[in-house]
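Student: Could you take me through the place where the two chains touch? I'd like a close look at that part, and at the chain on one side of it.

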Amino acid sequence: MNETSQRLGEVIEASTTGFTAQCYELYDLPPLGSLVRTGDSTNGLFAVVCHAVTEGLEPGRKPIARGKDEPDEESIFQSNPQLSKLLRSEFSTLVVGHRKGGRILQYLPPQPARIHSFVHACTAEESKDFGRTFGFLNILLNAKIETPADELIAATLRIMGASYADPRPFLIGAGKELASLLGEDYGKLKAILERIKP
Amino acid sequence: MLDLSRVAGQIGEMIGQLKAGGQERQEHLVRALTLLVDRAIDFETLKRKASQSKTTFLVAGLVEPLGSHVPPGAIPSDFSIIATDGSQIDVDRHQSARCYLINIGRVRLDYGSDSGAELQSLPQLCADSKDLVISSGTKEQVVEGALLNIKRSVDECRHLADMAAELPKDRPALAVIDGSLILWGLSSKEYPDFVVEQLLDKGFIKCLDDMLKLAQERPLALSSFISFPRSTDVVNVLRLAICPHETADCDKFCGEINIGKRACDAVSGIQDRDLFDSLLGVGERSALFTSQSKIVRESYGRHRVNFFYIKLEDEIARVEIPEWVARDADKLSLTHALLLDQCQRGQGYPAALSEAHEEAVVTGADRRNFLQLVEISMADEHMPQTTSAKARSKNARWL
């Protein structure tokens with residue numbers, strides 16, 4: 001495993017099907033649909049970023065508009081240096097597989113992530129390793145989340161495809177898998193395919 | 001349970017009384033304002049009268065002409081604000097573990113080219129006998145309730161001094177305390193001398209000494225900020241001004257006269273903030289005054305408390321500063337300008353103090369969680385837990 005994979009944050013909430021992580025830096029969010037992991041090269045979870053939010057650290061404190069007299073957005077933070085400490089960025093993920101004894105398994109793990117597990121962005125190599133099979137697409141299709149499934153799947157495939165010098169074989173393979181999973185739901189298949197055109 | 005329907009009628013009566021007093025108050029305010037800018041009142045004569053009189057009320061010491069109003073100076077391009085605030089969980093005599101907790105919120109805000117912020121919440125659990133009582137020889141005083149409040153104020157000041165020491169030497173900075181620089185709690189009750197010595201001389205004053213030492217070699221100022229002050233020190237100066245006696249002696253001359261009938265009652269019922277709300281423009285500060293309270297005169301030494309009022313967008317605030325800030329034109333101007341700037345950034349209240357409060361605050365849920373954690377930890381160690389029947393009754397509310 002590439003040791004230089006970027007550490008994004010850590011798990012602050014976890015369940016069987018997903019986890020939420022807090023970023024170390026404000027707005028340092030991984031893109032929607034990107035593949036992230038916990039653990040190491042032997043054991044850990046793989047998950048897809050399905051939602052993100054930036055809000056006040058404390059539930060009772062709502063941000064207010066502050067920039068009326070400021071020349072640009074950056075100046076708001078310079079004039080109110082405490083803001084960057086009082087806001088936090090979080091992202092939620094769907095667990096799409098796990099690694100057990102070094103083997104990648106594209107089904108839900110027996111246990112959820114542990115709180116405070118470090119969350120890393122997957123490197124191109126890790127992403128390619130994970131994308132050798134398409135079992136994760138079924139998990140994404142059936143997830144009950146706020147983000148529309150077609151948007152999330154398309155974003156995931158675009159990002160995973162970018163790991164390859166030529167993404168076509170990967171995207172065609174994914175398209176075939178989706179066609180078989182979606183059966184007669186031609187509308188959804190079309191929506192996804194239109195969003196992943198290279 | 002509070003029966004609001006029964007209170008509603010009483011609130012109506014209270015509003016009626018407030019309305020009835022409004023007209024008289026307005027007349028008193030007009031009288032007071034006229035006096036405040038009356039050039040016929042000789043400043044030096046009034047100052048002398050104030051220093052020689054014996055009054056039953058606290059009269060501000062005069063430093064600058066009464067009607068002064070000073071616009072704010074320029075703020076430096078790079079500067080820091082440090083502030084602390086605190087809260088506590090008091091000793092609960094219904095619980096088995098005897099302890100209290102002080103939570104100090106510390107904030108440092110850096111403005112300018114290298115802006116940044118440090119926000120910290122530092123809880124300190126005190127269960128040692130040296131923390132639970134203040135002792136001297138065979139005497140001891142239990143730290144709880146009002147005394148714990150005072151101890152917390154001392155801790156706030158100590159943390160502020162620690163933060164001040166960490167500031168870059170050449171960076172203009174203002175240290176802000178929430179509330180008063182005067183430890184009123186120690187003066188309002190008859191505490192033994194060793195308690196006053198421990199908390200004031202070796203506590204609060206020692207921290208002020210440390211800050212003075214730092215301020216002698218760097219552009220550091222110290223102030224406290226009181227929002228919506230209820231003080232009447234300056235109104236009481238006006239009472240003296242209209243007192244018909246050459247030297248006032250309230251008990252001697254007016255001891256037999258009912259309150260409301262004395263000559264000086266022509267300015268009664270109003271507060272300093274009412275005066276300065278009319279006199280000052282937004283951003284301006286009032287004249288400087290000195291506090292003549294007994295505790296300040298007897299114990300504050302070179303940190304004698306001076307104060308001024310400042311007009312903000314929505315209110316008048318009272319700012320208290322030690323003598324060494326008041327007598328240094330640069331530090332005084334820095335205090336005025338930076339506090340005003342802080343209030344503008346903080347929607348009317350100093351931003352650093354708001355954040356320090358947020359860091360320090362202990363909510364009702366925090367209190368319950370803390371007590372639960374203590375109980376669980378004791379149970380883990382198989383220690384007997386004895387709570388009072390009263391505490392149990394509050395937790396289990398049966399029908």
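Tutor: Let's start right at the contact: ten residues come from chain B and seven residues from chain A, where two residues are in contact if their C-beta atoms, placed from the backbone, lie within 7 Å. On the side of chain B that touches chain A, the elements giving two or more residues are β3 (100–111), β4 (116–126) and α13 (351–360). Those labels come from DSSP runs, numbered from the N terminus: helices are H or I with at least four residues, strands are E with at least two. Sorted by class, that side of chain B has five nonpolar, two polar and three charged residues. Here Ala, Val, Leu, Ile, Met, Phe, Trp, Tyr, Cys and Pro count as nonpolar, Asp, Glu, Lys and Arg as charged, and the others, Gly among them, as polar.

Keep in mind that this is a predicted model: local features need pLDDT of at least 70, side-chain atom pairs count only at pLDDT 80 or more, and totals for chains, interfaces and linings use all residues. Residues are numbered from 1 along each chain as its sequence is written, while chains are lettered from A and ligands numbered from 1 in the order in which they are written.

Now step back to chain B, with its 15 helices and eleven strands. Its C-alpha atoms fill a box of roughly 80 × 60 × 50 Å along the principal axes. Chain A has seven helices and seven strands, and its C-alpha box, also along the principal axes, is roughly 55 × 40 × 30 Å.
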